[in-house]
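Reader: I am new to this structure and would be grateful for a close look at one part of it. Please begin with a single local detail, and then place that detail within the whole.

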Amino acid sequence: MISDFAFLISGAGLICLALFRLATSADLLMRVLGLNVLAIGIAMVLLVSARGAEGTDAVPQAFTLTGIVVLVGVTAALLALAERVAEARDE
Amino acid sequence: MMLFDSVIAAACLGAAAMALFARDRIAAVAAFLVMGLLVALSWLRLGAPDVALAEAAIGAGLTGALLLRSARRVPKASAKALPPAQWLGAALLSLAVSGAILWTALIVETAAIYPALVNEALPESGVENPVTAVLLNFRAWDTLLEIAVLFAALAVIAVVKPVHPRIAPLGPMMLPFARVVLPLTIFLAGHLLWQGGHAPGGAFQAGAILAGGAIALGLSGMVRPIRWGRAALAGLAILGLGAFVVAALAAELLTGALLGYPAGAAKAWILAIESALTLSIAATLLLLFIGPAERH
């Protein structure tokens with residue numbers, strides 16, 4: 001129980017740090033990194049809530065797995081756009 | 001184990017703070033990698049080994065590689081001093097949102113309706129790992145759309161056409177390293193794919209490990225790129241989505257339900273789809289890293 005609480009605090013803390021960074025940073029790379037940390041924090045909260053008497057619920061686990069795969073696609077697309085923005089500024 | 005869990009949870013937060021507030025970008029990405037591995041460890045402790053594997057391979061490994069690739073190419077924003085009111089507002093807002101999430105997670109009694117349903121339907125799903133059963137059978141439709149999202153990301157990158165990573169040959173230790181690690185990644189990917197049916201593992205983890213091995217090989221500078229290599233990879237990337245759609249339509253014709261596999265043959269269907277997905281995910285992730293089209 002205490003363990004779950006520690007991970008819940010950790011998840012909420014990750015969300016807090018990432019939101020703060022997203023709101024105060026103008027750096028595109030750091031924003032993409034912040035988005036990743038935010039998603040990990042949300043996944044952590046989701047996984048802690050999935051804990052039950054008979055182990056961890058499989059459906060939220062599947063959600064989280066889907067989220068991780070979608071996030072890597074989003075990260076790659078955002079980084080490509082960020083690189084393109086930099087080039088457009090140079091021209 | 002309580003102390004261990006608390007230390008891991010605190011270390012996740014510490015690594016995240018280092019990643020988010022480091023001045024140097026390489027240091028930030030390194031801290032992000034460490035955070036990903038610590039998070040994978042804590043998800044293992046939370047009883048979610050499938051997700052932990054995916055986080056270690058995709059969330060930490062591949063995302064870290066992508067960030068590192070872009071670290072030098074995305075210019076730093078000019079550090080303009082923000083007004084104190086904005087700092088204060090951001091701090092208050094982020095504290096309020098995360099506090100609300102924490103509070104909700106603590107007080108809301110969740111009625112766990114899924115575990116009973118999953119356990120009841122597991123024998124007829126064709127696999128014994130509940131997470132694989134949810135991903136490839138009960139909610140296979142979601143996974144089909146997830147592959148479509150991955151493909152859409154690839155399409156965005158093909159349109160934007162970023163520069164390719166420049167590859168400088170690495171030192172003399174690279175060849176012995178690659179000789180041991182690359183065959184192991186192929187072996188491990190096959191093992192995870194097969195194991196996904198009854199134990200933690202599956203197409204996503206296997207595909208990510210294959211892609212990681214291929215990226216390591218590409219960055220070693222030991223192999224010359226093949227001229228038609230990108231076209232072949234793009235074909236492979238489409239193959240997974242195509243095979244999944246064909247399987248969905250075939251199942252619709254056979255059983256009248258979209259992705260409702262014929263009774264008794266579910267295991268064979270899931271394995272066939274997962275095998276196609278593994279190759280396709282590996283090709284897609286590799287293309288996300290090296291860029292899908294040659295730039296002129």
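**The end of a helix and its surroundings**

Author: Immediately following α11(B), B:Gly291 adopts a positive phi of about 90°. The model is a predicted one, in which local features need pLDDT (the predictor's confidence in each residue, from 0 to 100) of at least 70 and side-chain atom pairs count only at pLDDT 80 or more, while totals for chains, interfaces and linings use all residues. Residues are numbered from 1 along each chain as its sequence is written, chains are lettered from A, and ligands are numbered from 1, in the order in which they are written.

The helix that precedes this glycine, α11 of chain B, covers residues 266–290, 25 residues in total. Helices here are DSSP runs of H or I with at least four residues, strands are runs of E with at least two, and both are numbered from the N terminus. From first C-alpha to last, α11(B) reaches 36 Å, close to the 36 Å expected at 1.5 Å a residue; the expected span is 1.5 Å times one less than the number of residues. Of the 25 residues in α11(B), 18 are buried, so the helix is mostly covered. A residue is buried if 20 or more other C-beta atoms, placed from the backbone, lie within 10 Å of its own, exposed if 12 or fewer do, and partly exposed in between.

Chain B as a whole has 11 helices and zero strands. Across its 296 residues, 39% count as buried, and its C-alpha trace spans about 65 × 60 × 35 Å along the principal axes. An automatic or database assignment divides the chain into domain 1 (1–72), domain 2 (82–111) and domain 3 (127–296). Over C-alpha atoms, the centres of domain 2 and domain 3 of chain B are separated by 37 Å.

A second local detail is B:Glu128, in the loop between α5 and α6 of chain B. Because B:Glu128 has 13 C-beta neighbours inside 10 Å, it counts as partly exposed. Leaving aside residues up to four places away in sequence, B:Glu128 touches B:Gly197 and B:His198, where a contact means C-beta atoms within 7 Å. Its C-alpha atom is 8.8 Å from that of B:Gly196, 68 residues apart along the chain.

Chain B also meets chain A, with 73 residues from chain B and 62 from chain A taking part in the contact. On the chain B side, 53 of these residues are nonpolar, 10 polar and 10 charged. Ala, Val, Leu, Ile, Met, Phe, Trp, Tyr, Cys and Pro count as nonpolar, Asp, Glu, Lys and Arg as charged, and the others, Gly among them, as polar.

The partner, chain A, contains three helices and two strands, in the order α-α-β-β-α from the N terminus. Its radius of gyration, taken over C-alpha atoms, is 16 Å, well over the 12 Å that the globule rule gives for 91 residues, so chain A is more spread out than a compact globule; the rule is 2.2 Å times the number of residues to the power 0.38. The C-alpha trace of chain A spans about 60 × 25 × 10 Å along its principal axes, and buried residues make up 64% of the chain. Its mean pLDDT is 90, with 99% of the residues scoring at least 70.

How values were computed:
Two residues are in contact if their C-beta atoms, placed from the backbone, lie within 7 Å.
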